[in-house]
Structures are given as structure tokens and as C-alpha cells.
Amino acid sequence: MATAAAPLSIGPITVDPPVVLAPMAGVTNVAFRRLCRRHGGGLYVSEMVGARGLVEGDRRAAFKAAFGPEESPRSIQLYGVEPFEIRDAVELLVDDGDEGGRVDHIDLNFGCPAPKVTRHGGGAALPWHIGRLAAIVTAAVEAAGDVPVTVKTRIGIDDDHVTYLDTGRVAQDCGAAAIALHGRTAQQRYGGHADWTTIADLVEAVDIPVLGNGDIWEAGDALEMVARTGCAGVVVGRGCLGRPWLFRDLEAAFRGRPIPIPPSLGEVADMLADHLDGLVELFGEDVAVREIRKHTGWYLQGFPVGGDLRRRLNQVGSVDEFATLLAGVDRSLAFPEEVRRAKRGHTTSARKVPVPHGWLEDREEADWDLARLAPEAAAVVSGG
Ligand SMILES: Cc1cc2nc3c(=O)[nH]c(=O)nc-3n(C[C@H](O)[C@H](O)[C@H](O)COP(=O)(O)O)c2cc1C
């Protein structure tokens, strides 16, 4: 049986237990972070925010970069392809005078496999151009001052274009406080299994803390990942979709306590209602009831609630209607163990990764004008 890990240090921030909520576009907004945080300790990262949008004063980017008053530490993930954009965005984020208050941690996205991102040299395509990677991390670290900057990446673009070890060394040399590795290439998207041996390789290769990511579906997986790879902490994504209580289990596991009994349907329904409350506070009722629809299926996965209720929840038009529908469920139903490891969220399997023409041939070429090529980052919602 694995032993619990030590607290994780990200610059001046102590993360105890060493658990990080993965940035997930369209999911890890204030409402979801608050709900997860209520269940256990850890670092709760924002959705990905486009650096360019932030700098240009885009309303949606600013909205995504906002934090609740009780959120501490404030952790944000930035996406960008040009060092100057990242520098400007980081300066805004760490500015004491900023209306929203300053952030405490900045993560840089070098793992997004979405075609509309890689096609422009961003996300998981970017580390192939190691000089640009170094310039971006350096710009972020210099602008961040005492706010720690971390890097999140994948194994590489595909099996022929592996970047994670170089990325780790560059991140370390340029002053990043930690690096998170999702054990898949961009080509793999979310298919197959994450290769945890790459996480162990990265732990060997660098001295900064390595965070392991990929396929932690239940608390035991996190302990196993730490034991097998030596990583300093874990990043949990899809495992907590519809299961904010996974953070309670993770805390128990890392503290060596028994894993609590999973919630009954009644408790799950209460969490779903809480989630909707948080979304209403954030977006107002109309948007919130649309937003909650994507979560409902994840919360109710495996519970025998019937197709009719699922359908009606998927078309729900108001908070009152949602509450009425949930009031009809059998609150005593036990959690369906058979779905514990069932995949949720992104499940897309392997597909070729589009990159700018000539990108793979000339790794050293520094003159790519990605600012011109890059999409409006704020419109990127498919994440990493
Ligand atoms: C809905 C969704 C949105 C995501 N958005 C982001 C993102 O904005 N930034 C990022 O670095 N990764 C993003 N990811 C990837 C996750 O952070 C994580 O690396 C990946 O899901 C693997 O971890 P898991 O197996 O625990 O889910 C996203 C994943 C999902 C499922």
C-alpha cells in the first residue's frame, strides 16, 4: 500500500494534500472550484484564459479570470503563443491595483490538443519550438515577480515529436516553480490510457516538482500514481466531473484515512443543486440552467433515475423546475459502484495534430509570427 505524500510546494504556496484541480475549459469556473474546494484541500485552477483577450480587455477573458472573494490561493491558467502577450497578461494579473485583486499562481498551457489551437502553433504544438517556449516561460516568470509560474504539458505532439523532457528542462531553467505532465501525446487526445512512465521519467530529469496527470478516476489512483512515478503531486481532471466529492476522498487517501462511503443519490442531488446555485450566482438563471445541463449526466451517471427524468433535466428551463425534478428522486439510492471508473468529459481518441505548415521541419526557426496566425484565444473552449 502506498504511503501518503508530503505537501507540495509551488513557490511560496503549500498545497496540502498535494492535489490540483485540473484547469478545464467550460468547467472549472468559480462555481465549480468553490464546490470542489468545500470537499477537500488542494489547489483549484481556473479555466484557461487567453492572454491576448485579457490584454485587449475582452469581457469574456476578464470574466474567466475573476475569482470569488473566498478563493485563496487564486490560481489561473494562461494560454498564449507570443512572449509579449504573456508578459503583458501576467503584469495585469499580478498588479496589486487590479480590480479583481492579484493572482497567487499562474499556470501556462502547453498541452491543449485542440486543432484550432495547435494549427496556430499553440498548446501542445508550441514546445516543439523550444526557443519560443523558453521565451514565453521567461517572460511569464520575469513579469510574475514573486508569484509562482508553472507549466502544464503533454508528452509531445505525437510519438515522433516528443517534447516533455525538453519542456521540463526549459521550464526549470527559465524559473518555473513546477511542471505538470499529462501522460498522453496531443495525437492521443483522450484515448487509451495515460502513460505514467513518462511522469516517472520527468521526475528523474528535473529538480522542480513534477505533477502527474491523466486517468485519476478515484482516490486510490492518485496514491498509485505517486508511488509508481515519484511525482510530487497529482492533477485531477475528468475524475471530478459530477464528483466534486472526489476531493474529500483524495484528502482522506493522502492523510492515510479510510475513503468515505460515496454519497447517496440524495446527497448527489444536493450537490447538483449547490452547483446550480453557484452557476446562477455567476451567470444568472438563464445561462446557469443551460450550463448545468452538461453536468447533470455526469452527476447522475449510473443511478437508475430513468430516461424520462434525464431528458427533462436536459431541457430544464428554470431553477424551480430543476428543484422539482430533483425532489422526485429516491434519495436513499446508493452510489452505483460499477461506474466509479467510467469515463466522463472528453473521450475523443487519436487523430492527427494539425500544426502550421513547416512547423515540424524547422525546430529552430524563431521568426514565426504566431500573433498573426493565432486564433482569438478567448474563443478557445476545448482546453487541454
Ligand atoms: C472538459 C475539459 C476541458 C479541459 N480544458 C483544459 C484547459 O483549459 N487547460 C488545460 O491545460 N487542460 C484542459 N483539459 C485537460 C485536463 O486539464 C487534463 O489534463 C486531462 O483531462 C487529463 O487529466 P484527467 O485524465 O484527470 O482528465 C481539459 C479537459 C477536459 C475534460
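How far apart do the C-alpha centres of domain 1 and domain 2 lie? In this predicted model, the separation between the two centres is 30 Å. The domain assignment of the protein places residues 8-259 together with 349-379 in domain 1, and residues 265-333 in domain 2. Ten residues of domain 1 and eleven residues of domain 2 take part in the contact between them. On the side of domain 1 that touches domain 2, seven residues are nonpolar, two are polar and one is charged.

Several helix pairs were examined for their packing. Two packed helices are described by the angle between their axes and the distance between the axes. Helix α4, formed by residues 83-93, packs with helix α6, formed by residues 130-144, at an angle of about 20°, and the two axes are 8 Å apart. Because angles under 35 degrees count as roughly parallel, α4 is roughly parallel to α6. The crossing of this pair is right-handed. From α4, the contact draws on Pro-83, Ile-86, Arg-87, Val-90 and Glu-91, and from α6 on Ala-135, Ile-136, Ala-139, Ala-140, Ala-143 and Ala-144. Nine residues of the contact of α4 with α6 are nonpolar, two are charged and none is polar.

Helix α8 takes part in two of the packings described here, one with α7 and one with α9. Helix α7 spans residues 164-173 and packs with α8 at an angle of about 35°, the axes being 10 Å apart. In this pair, α7 passes α8 in a right-handed crossing. Tyr-164, Leu-165, Gly-168 and Arg-169 of α7 make the contact with Thr-198, Asp-201, Leu-202 and Ala-205 of α8. By class, the residues of the contact of α7 with α8 comprise four nonpolar, two polar and two charged.

For the second packing, α8 (residues 196-205) and α9 (residues 219-229) are set at an angle of about 50°, with a distance of 9 Å between their axes. The helices α8 and α9 are therefore oblique to each other. The crossing in which α8 passes α9 is right-handed. On the α8 side, Trp-196, Ile-199, Ala-200 and Val-203 meet Met-225, Arg-228 and Thr-229 of α9. Five residues of the contact of α8 with α9 are nonpolar, one is polar and one is charged.

The backbone geometry was also considered at individual positions. Two cis peptide bonds are described here. Asp-16 and Pro-17 are joined by a cis peptide bond with omega of about 0°. Pro-17 is located in the loop between β2 (13-15) and β3 (19-21). A cis peptide bond also joins Ser-72 and Pro-73, where omega is about -5°. The loop that holds Pro-73 runs between α3 and β5 (75-79).

Positive phi values occur at Arg-189, where the angle is about 50°, and at Asp-215, where phi is about 70°. Arg-189 is not a glycine, and neither is Asp-215. Arg-189 lies in the loop between β10 (178-182) and α8, whereas Asp-215 belongs to the loop between β11 (210-213) and α9. Arg-189 counts as partly exposed because it has 18 C-beta neighbours inside 10 Å. Asp-215, by contrast, is buried, with 22 other C-beta atoms within 10 Å; the cut-off for a buried residue is 20 or more.

Two further residues were placed by their surroundings and by their distance from another point of the chain. Glu-361 is situated in the loop between α14 (319-327) and α15 (370-373). This residue counts as exposed because Glu-361 has 7 C-beta neighbours inside 10 Å. Along the sequence, Glu-361 and Ala-178 are 183 residues apart, and their C-alpha atoms are 29 Å apart in space. Arg-60 is part of helix α3, which covers residues 59-64. With 15 other C-beta atoms within 10 Å, Arg-60 is partly exposed. A distance of 39 Å separates the C-alpha atoms of Arg-60 and Ala-4, which are 56 residues apart along the chain.

Conventions
Residues are numbered from 1 along each chain as its sequence is written. This is a predicted model: local features need pLDDT of at least 70, side-chain atom pairs count only at pLDDT 80 or more; totals for chains, interfaces and linings use all residues. Axes are lines fitted to C-alpha atoms, for helices over the stretch in contact, and angles run from 0 to 180 degrees between N-to-C directions. Helices (H or I, at least four residues) and strands (E, at least two) are DSSP runs, numbered from the N terminus. Angles under 35 degrees count as roughly parallel, over 145 as roughly antiparallel, 65 to 115 as roughly perpendicular and the rest as oblique. A crossing is left-handed if the near helix is turned anticlockwise from the far one by less than a right angle, and right-handed if clockwise. Two residues are in contact if their C-beta atoms, placed from the backbone, lie within 7 Å. Ala, Val, Leu, Ile, Met, Phe, Trp, Tyr, Cys and Pro count as nonpolar, Asp, Glu, Lys and Arg as charged, and the others, Gly among them, as polar. Domain bounds come from an automatic or database domain assignment. A residue is buried if 20 or more other C-beta atoms lie within 10 Å of its own, exposed if 12 or fewer, and partly exposed in between; C-beta atoms are placed from the backbone.
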